[in-house]
Amino acid sequence: MQLTYNTSQFYLSPSLTPTNKESCRAMEIFMTMSLLTLFFGFFCLCKLLLQRRDQSCYMLAYECYKAKEDMKLNCDSSAKIVMRNKNLGLEELRFLLKTIVSSGIGEETSCPRNIIEGRNPTRADELCEMDGIIFDTLDKLFARPSSISPSQIDILVVNVSMFSPAPSLTSRIINRYKMREDIKTFNLSGMGCSASLIAIDVVQNLFKSYKNANAIVVSTESIAPNWYCGKEKSMMLTNCLFRSGGCSMLFTNNKGLKHQAMLKLRHLVRTHIGSSDEAYDCCIQAEDESGYQGFRLTKHLTKAAALAFTMNLQVLVPKVLPLREILRYLAVSRLKSAKSQKPKADEGVGLNLKTGIEHFCIHPGGRAIIDGIGKSLGLSDYDVEPSRMALHRFGNTSAAGFWYALGYMEAKQRLKKGNRILMSGFGAGFKCNNIVWEVLKDLGDANVWKDCIESYPPKTLVNPFMEKYGWLNDEYLSFLRLDFSQLFAELQLFC
């Protein structure tokens, strides 16, 4: 009995005690939980990567609008429209002369027929203008050999700031092209000249929820019912700058169509400073003292634009510029701060954006806008040429202006695989929006520029309006107040 007892006691190891058994079991549970946690983390990482893969936004194609010959607004047509306004005196005519001459707009721009013919717009005129631009560009887009059919469109976004009929413009498009019942549609209004970039942001966010989706963005502006007939100078500027134009764009997040894509969206930053009263009111639709409706641009516009642009770049720049350029900028800024040197007005932002961006697509809203942004970013004449030429050939086409400038780059065969394009624009509210695209293949389609690209850039951008109507500046006319509309009619009959 004693021997047996001692033998049993000999084989009873410490590892088999109840306390150690519990420790071992706890260790097993801990290891299992750790493995499960690692597995779950790996699963979430893979899911996130797959989601990001499906959230890419590719541009497959775009088509810009080119108006008919009978809508052309050359120097003489502009003069007829100006002289038709009997509210204008000599001072207002001189202001318009100066504005038109310095606007950077050429002889080939266009506007709606009711304005050229001097008719008050009807509902038919308003819809005819929209249908002409929207359907023309969409017909061409869907007619492309590799394009997607209307029945394959999942998302439709239309932006027209100054016109919102019922049924909506998206409904008119769906009705014409017999699109699917489950299509997701959005109408954007009041967004101003950078609305097409906002529309692309809408598409990009929707792509996060819909796999293998195709989207159409239509961007244009309504001119026919929004021509200003008063004499307030701050509201007359829009008549000198805005012209008919539009663009339809096709996007997808389908990886299977990547080989057809032209561009890939890399970064999109939006800034809105509408909480400031000055910024909100600097660019606003209103009535003048005589009750004429128009678009008022105030002296605070440049200040609001500079503030919004600076705030936007503070977010965008770290995403697109190499680290060495940011470190260089910080070092130079710190050195100047130590020496108590204030930056000069003509130094711009101080960053060399060309280290991360090859092409710059500034919204062609006017010569002052293009020159101002170009100077602040340290851009050359070559860099801002696409925007200047788009303004000269087509005028300020509002939110569609970016794509005329992009078309110029493509027609000049500037866009090579791997290049990055920065699109910068402003809008009422006040807002600034910037997009960075990556070029996915060498591009060289002449598109809307095919009949005139060989003549661009022209030898001079001087507008002939001064040569023909410079007599308005003669001093001996200062004491006169003439009925210029009648005078112009008589001169036309005489000639």
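This report walks through a predicted protein model, from its overall make-up down to a few single residues.

## The big picture

Let's start with the parts list. The protein has 495 residues, and its chain folds into 17 helices and 11 strands. Buried residues make up 48% of the total. As for the outside, the accessible surface is about 25600 Å², and carbon and sulfur atoms account for 57% of that.

How much do far-apart stretches of the chain touch each other? If you take the contacts with a separation of 6 or more, 81% of them link residues 24 or more positions apart. You can see a case of this with Ser 219 and Ile 134: they sit 85 residues apart in sequence, but their C-alpha atoms are 8.3 Å apart in space.

## The sheet

Now look for the strands. Nine of them, or 9 if you like digits, form an open sheet in the order 3-2-4-5-1-6-11-10-9, with mixed pairing. Strand 3 (184–188) and strand 9 (359–362) are the edges, so to speak: each pairs on one side only. Going from one strand to the next, the twist averages 20 degrees. As a reminder, strands of a sheet pair through backbone hydrogen bonds, either parallel or antiparallel.

Begin at the strand 3 edge. Strand 2 (residues 155–159) runs parallel to strand 3, and 5 bridges join the two. Within this pair, Ile 155 stands opposite Lys 184 of strand 3. Helix 7 (residues 169–177) lies across strand 2, strand 3 and strand 4 (214–220), and it runs at about 130 degrees to strand 2.

## The other edge: strands 9, 10 and 11

At the strand 9 edge you can find both kinds of pairing. Strand 9 and strand 10 are parallel, with 4 bridges, whereas strand 10 and strand 11 (residues 431–439) are antiparallel, with 8 bridges. Strand 10 and strand 11 also make a hairpin with 3 residues between them. In the turn, Gly 429 has a positive phi of about 140 degrees.

Met 423 is a handy landmark here. Met 423 in strand 10 is the bridge partner of Cys 361, and it also stands opposite Ile 435 in strand 11. Why is strand 10 described as largely enclosed by the rest of the structure? Because 7 of the 8 residues in strand 10 (residues 420–427) are buried.

## Two nonpolar cores

In soluble globular proteins, nonpolar side chains tend to be buried together. Here, the largest nonpolar core has 54 residues. Those with the most contacts inside this core are Tyr 62, Phe 251, Leu 263, Trp 403, Met 423, Trp 437 and Trp 449. Trp 403 is a good one to click on: beyond its close sequence neighbours, its contacts include Met 59, Tyr 62, Ile 200, Met 423 and Trp 437. A second, separate core has 42 residues, including Ala 279, Cys 282, Leu 297 and Phe 360.

## Cysteines

How many disulfides does the structure hold? It holds 0. A disulfide is a covalent bond between the sulfur atoms of two cysteines. Two cysteines show contrasting surroundings. Cys 361 has 0% relative accessibility, so it counts as buried. Cys 229 has 36%, so it counts as partly exposed.

## Three residues to zoom in on

Is Ser 219 buried or exposed? With a relative accessible area of 0%, Ser 219 is buried. Ser 219 belongs to strand 4, and its contacts away from its sequence neighbours include Asn 159, Ser 196, Gly 246 and Ala 399.

Ser 222 comes from the loop between strand 4 and helix 9 (233–241). Being in a loop doesn't put Ser 222 on the outside: at 2% relative accessibility, it counts as buried. Among its contacts are Glu 129, Met 130, Val 160 and Phe 163.

Lastly, find Arg 414 in the loop between helix 15 (401–411) and strand 10. Why does Arg 414 count as buried? Its relative accessibility is 10%, and buried means under 20%. Leaving aside neighbours within four places in sequence, Arg 414 is in contact with His 359, Tyr 382, Glu 385, Pro 386, Tyr 408, Met 409 and Asn 419.

Methods: Residues are numbered from 1 along each chain as its sequence is written. This is a predicted model: local features need pLDDT of at least 70, side-chain atom pairs count only at pLDDT 80 or more; totals for chains, interfaces and linings use all residues. Side-chain values use heavy atoms; hydrogens and water are left out. Two strands pair if DSSP finds at least two bridges between them. Axes are lines fitted to C-alpha atoms, for helices over the stretch in contact, and angles run from 0 to 180 degrees between N-to-C directions. Contact means heavy atoms within 4.5 Å. Buried means under 20% relative accessible area, exposed over 50%, partly exposed in between (1.4 Å probe, protein chains only). Accessible areas come from the Shrake-Rupley method with a 1.4 Å probe; for residues, only the protein chains shown count as cover. A disulfide is a pair of cysteine sulfur atoms within 2.5 Å. A nonpolar core is a set of buried Ala, Val, Leu, Ile, Met, Phe, Trp, Tyr and Cys residues joined through side-chain atoms within 4.5 Å.
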